[in-house]
Amino acid sequence: MLFSGPSALPHGATIVTGNSRLSLHLRREFDAAQRAQGRALWESPGILPRKQWLRRCWDECFYADPLHTPVLLDAAQELVLWEQAIDRAGASGMLLDSAATALAAVQAWKLLHGWELPRNAALFEG
């Protein structure tokens, strides 16, 4: 078990995971450790998937300083920006569907960040 005692996850600490499934698994493991120690009640641990953690960070920034917090894009806005970037790069045309390419770029971006891969452009040059 990962959570062997009450100090295994200090009060206020947050564990950020790559996906919801891992967050749920760790939360269940934490709960089992608490029950194994004879506890009937405990504070819920701060175990969040990366996307929810980023949203929480943005919310905190927004409430602290709403005038200087950047806009948080929804999925449709993100897709439009990817399409515009592809069009501006001159990559769209008869052989490339900019909408489909934008969708693939969104998925690739999420994978890249979800796995915390290096984002060095030189690594992707052919």
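User: What does the lining of the second largest pocket have by class, in nonpolar, polar and charged residues?

Analyst: By class, the lining has 7 nonpolar, 5 polar and 2 charged residues, where Ala, Val, Leu, Ile, Met, Phe, Trp, Tyr, Cys and Pro count as nonpolar, Asp, Glu, Lys and Arg as charged, and the others, Gly among them, as polar. The model is a predicted one, in which local features need pLDDT of at least 70 and side-chain atom pairs count only at pLDDT 80 or more, while totals for chains, interfaces and linings use all residues. Residues are numbered from 1 along each chain as its sequence is written, and side-chain values use heavy atoms, with hydrogens and water left out.

User: What makes a space a pocket and not a cavity?

Analyst: On a 1 Å grid over the protein atoms alone, a cavity is a set of points where a 1.4 Å probe fits but cannot get out, whereas a pocket is an open set with protein on both sides within 12 Å along at least five of seven lines; a residue belongs to the lining if it has an atom within 4 Å of a point. Rolling a probe the size of a water molecule over the atoms shows where empty space is left. For the second largest pocket the lining comes to 14 residues, of which L9, P10, H11, F30 and E43 lie nearest its centre, and the volume is about 200 Å³, a volume being the space filled by probe spheres set on the points, with grid points joined across faces, edges and corners.

User: What is the volume of the largest pocket, and which helices supply its lining?

Analyst: The largest pocket holds about 800 Å³ of space. Its lining has 19 residues, with R50, K51, L54, E78 and K110 nearest the centre, and the class division is 7 nonpolar, 6 polar and 6 charged. At least two lining residues come from each of α2 (50-64), α3 (75-88) and α4 (98-114), and α2 gives the largest share, 5 residues. These names rest on DSSP runs numbered from the N terminus, helices being H or I over at least four residues and strands E over at least two. By that rule the protein has 4 helices and 2 strands, following the pattern β-α-β-α-α-α along the sequence.

User: Why is the pair of W58 and F62 called stacked?

Analyst: Rings of Phe, Tyr and Trp (its six-membered ring) pair if their centres lie within 6.5 Å, and planes under 30 degrees apart count as stacked, over 60 as edge-to-face and the rest as tilted. This rule gives 3 aromatic pairs. For W58 and F62 the centres are 5.2 Å apart and the planes stand at 15° to each other, so the pair meets the cut-off and is stacked. Both residues lie in helix α2, 4 residues apart, about one turn of the helix, and together with Y63 they form one aromatic cluster.

User: How do you know that the pair of W82 and W109 is edge-to-face, and what does this pair tie together?

Analyst: Its centre-to-centre distance is 5.8 Å and the angle between the planes is 65°, so the pair falls in the edge-to-face class. W82 lies in helix α3 and W109 in helix α4, so parts 27 residues apart in sequence are tied together.

User: What makes W82 and W109 partly exposed?

Analyst: Buried means under 20% relative accessible area and exposed over 50%, with partly exposed in between (1.4 Å probe, protein chains only). W82 has 25% and W109 has 40%, so both values fall in the middle class. L26, in helix α1 (residues 20-36), has 10% and therefore counts as buried. Of the 126 residues in the protein, 20% are buried.

User: How do you know that R55 forms a salt bridge with D59?

Analyst: A salt bridge needs a side-chain nitrogen of Lys or Arg within 4 Å of a carboxyl oxygen of Asp or Glu. The closest N and O atoms of R55 and D59 are 3.1 Å apart, so the criterion is met, and this structure holds 1 salt bridge. R55 is partly exposed at 43%, as is D59 at 23%.

User: Why do C57 and C61 not count as a disulfide?

Analyst: A disulfide is a pair of cysteine sulfur atoms within 2.5 Å. The sulfur of C61 is 6.9 Å from that of C57, its closest cysteine sulfur, which is too far for a bond, and a search of the whole structure finds 0 disulfides.
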